[in-house]
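Student: Hi! I have a model open and would like to talk it through with you. Can we start with how you name things?

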Amino acid sequence: MQKTAIIGGGVIGITLANYLDTTKYDVTLFDDENGQATKASAGIISPWLSKRRNKRWYRLARDGAAFFQKLISDMDISEKIYAKNGTILLRTKGLEDLADLAEQRKKDAPEIGEINLLSAKQTADKLPLLAPQESLYISGGARLDGLLYLNHMKKLAEEKQVHLIQEKVTINKKGEQWQVNTKGQQFLADYVILAAGPNCKTLLEPLGYQVDLRPQKGQLIVFKTQQGQSKQWPVAMLDNEADLIPANDGQMIIGATHEDKAQWDLQPTSAAFEKLTNNSKDFLQTPEKLLENSFTYRVGTRAYTSDFAPFFGSLPDDPTLFVASGLGSSGLTTGPYIGYLLAEYFNEGSWSTEDYQKTLDTYIKTHSF
Ligand SMILES: Cc1cc2nc3c(=O)[nH]c(=O)nc-3n(C[C@H](O)[C@H](O)[C@H](O)COP(=O)(O)OP(=O)(O)OC[C@H]3O[C@@H](n4cnc5c(N)ncnc54)[C@H](O)[C@@H]3O)c2cc1C
């Protein structure tokens with residue numbers, strides 16, 4: 001059995017741990033549970049109408065959204081964790097063009113589902129918190145509860161004999177093997193897979209690599225309401241750097257901020273509350289009804305590359321060291337699929353990912369390449 005260490009138990013690491021063949025690999029997952037983007041995230045899975053032009057990213061996000069069907073059946077994911085209630089897109093203009101784009105994209109992404117232009121009344125009927133306004137509805141949009149997903153997948157991983165160790169680690173090479181260091185112990189591994197969000201940079205730099213990654217702070221506000229039916233409502237993308245995400249147990253989430261200067265900071269700020277609530281007010285039927293509820297913050301750190309695209313694979317100069325990061329603001333959509341692709345590579349021994357990403361040396365450099 002080959003010893004395999006995964007560093008980072010966010011959406012990539014925990015999905016990978018569950019898909020790795022544990023009859024071939026002795027798997028240990030190290031995670032310090034600190035500032036994990038996955039558990040903070042808003043969880044919108046609806047990539048098809050993004051304004052982004054990066055075709056590789058789009059293919060990855062499209063196939064990542066489609067992958068949920070397999071993930072749900074393989075891992076017995078409940079509707080509390082992943083709910084496909086559709087997405088409402090609000091725009092002051094250009095809804096017809098957006099509907100045309102949806103029809104075009106549906107040709108190779110049938111997961112988009114039904115595409116309907118809604119009247120103002122139909123919009124408010126679908127999501128009663130919204131002020132009456134025209135919108136576009138796609139039935140394939142979904143939301144994933146990141147924290148519940150992690151908890152569920154951790155249980156499954158333990159059942160598969162994956163060792164879960166809650167520690168911050170460093171790594172170094174010892175002969176042909178890797179040494180993974182916690183505060184008081186060292187573990188040897190044949191393979192290391194770094195799925196540590198923006199911290200992949202911190203882990204790789206002492207080994208002589210330069211890594212194109214930066215941290216970005218994201219905050220969202222979770223209102224506790226009496227809206228018991230909210231778990232069946234669609235997500236609303238508000239076209240205003242704020243989205244409304246109905247969740248379990250009457251929670252209504254408004255998110256999220258993208259704060260480049262704040263980087264690793266995990267403190268909630270009243271400025272984020274002001275920004276998110278102001279951005280959403282115009283779209284709400286009676287804003288005070290929602291905004292006067294008690295609320296909590298969720299804060300996480302996203303990982304970004306210079307071209308906003310993720311990367312994953314083995315390092316060009318060391319086939320025993322793998323890395324996956326740079327998922328940015330769509331990592332709940334792409335992360336499970338990236339974890340699965342990595343596991344398939346380990347289980348089957350080959351893959352082809354050039355449709356999804358540039359080569360890894362675009363993002364990670366040593367003196368030798
Ligand atoms: C506020 C917010 C809203 C978001 N909304 C959405 C959304 O609606 N839709 C969407 O698709 N995506 C969304 N995202 C993005 C998505 O959450 C992330 O891209 C994704 O979760 C990243 O997953 P990951 O596994 O790469 O990293 P993470 O989830 O950050 O996990 C990495 C883990 O590695 C651990 N770690 C780091 N260094 C070490 C070390 N040295 N030793 C041990 N452990 C270590 C960290 O503590 C962490 O637990 C959002 C993100 C944020 C912050």
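Tutor: Sure! Helices (H or I, at least four residues) and strands (E, at least two) are DSSP runs, numbered from the N terminus. This is a predicted model, so local features need pLDDT of at least 70 and side-chain atom pairs count only at pLDDT 80 or more, while totals for chains, interfaces and linings use all residues. Residues are numbered from 1 along each chain as its sequence is written, and side-chain values use heavy atoms, with hydrogens and water left out.

Student: Good. How many residues surround the ligand, and which are the closest?

Tutor: There are 37 around the ligand, and the closest are Asp31, Asp32, Gln36, Thr38 and Ile44. A residue belongs there if one of its heavy atoms lies within 4 Å of the molecule.

Student: And what lies 3.2 Å from a nitrogen atom of the ligand?

Tutor: That is a polar side-chain atom of Asn199. A polar side-chain atom of Thr333 is 2.9 Å from an oxygen atom of the ligand, and Val11 places a backbone N or O atom 3.2 Å from a ligand oxygen. For polar contacts the cut-off is a pair of N or O atoms within 3.5 Å; within protein, one must be able to donate a hydrogen and the other to accept it, and residues adjacent in sequence count only if both atoms are side-chain atoms.

Student: How much of the ligand does the protein bury?

Tutor: The protein buries 96% of the 1,000 Å² that the ligand exposes when taken alone. Those areas come from the Shrake-Rupley method with a 1.4 Å probe, and for residues only the protein chains shown count as cover.

Student: Which element gives the most to the shell around the ligand?

Tutor: Helix H10 does, with three residues. Among the elements that give two or more are helix H1 (11–19), helix H7 (199–204), strand E19 (295–304) and helix H10 (331–348). By residue class, the shell has 14 nonpolar, 17 polar and six charged residues. In that count Ala, Val, Leu, Ile, Met, Phe, Trp, Tyr, Cys and Pro are nonpolar, Asp, Glu, Lys and Arg are charged, and the others, Gly among them, are polar.

Student: Where does the ligand lie with respect to domain 1 and domain 2?

Tutor: Between them, because both domains give residues to the shell. Domain 1 is 2–38 + 147–213 + 307–365, and domain 2 is 87–140 + 214–304; such bounds come from an automatic or database domain assignment. The domain centres, taken over C-alpha atoms, are separated by 30 Å. Across the boundary, 14 residues of domain 1 are in contact with eleven residues of domain 2, where contact means heavy atoms within 4.5 Å.

Student: New topic: backbone oddities. Which peptide bond is cis?

Tutor: The one from Gly255 to Ala256, with omega near -5°. Ala256 sits in the loop between strand E18 (251–255) and helix H8 (270–281).

Student: What about Gln161, is that residue buried or exposed?

Tutor: Gln161 is exposed, at 59% relative accessible area. The scale is: buried under 20%, exposed over 50%, partly exposed in between (1.4 Å probe, protein chains only). Although not a glycine, Gln161 has a positive phi of about 70°, and its place is the loop between helix H6 (146–159) and strand E9 (163–165). Phe308 is another non-glycine with positive phi, about 65°, and counts as partly exposed at 41%.

Student: Back to H10. What does the side chain of Asn347 do with Asp21?

Tutor: A polar atom of that side chain lies 2.9 Å from the backbone nitrogen of Asp21. Asn347 is in helix H10 and buried, at 12% relative accessibility.

Student: One last residue. Which strand is Asp243 found in?

Tutor: Strand E17 (residues 243–246). Asp243 is buried at 18%, and a polar atom of its side chain lies 3.3 Å from the backbone nitrogen of Leu238. Asp243 and Gly255 are twelve residues apart along the chain, with C-alpha atoms separated by 5.5 Å. Leaving aside neighbours within four places in sequence, the contacts of Asp243 include Ile44, Ala236 and Ile253.
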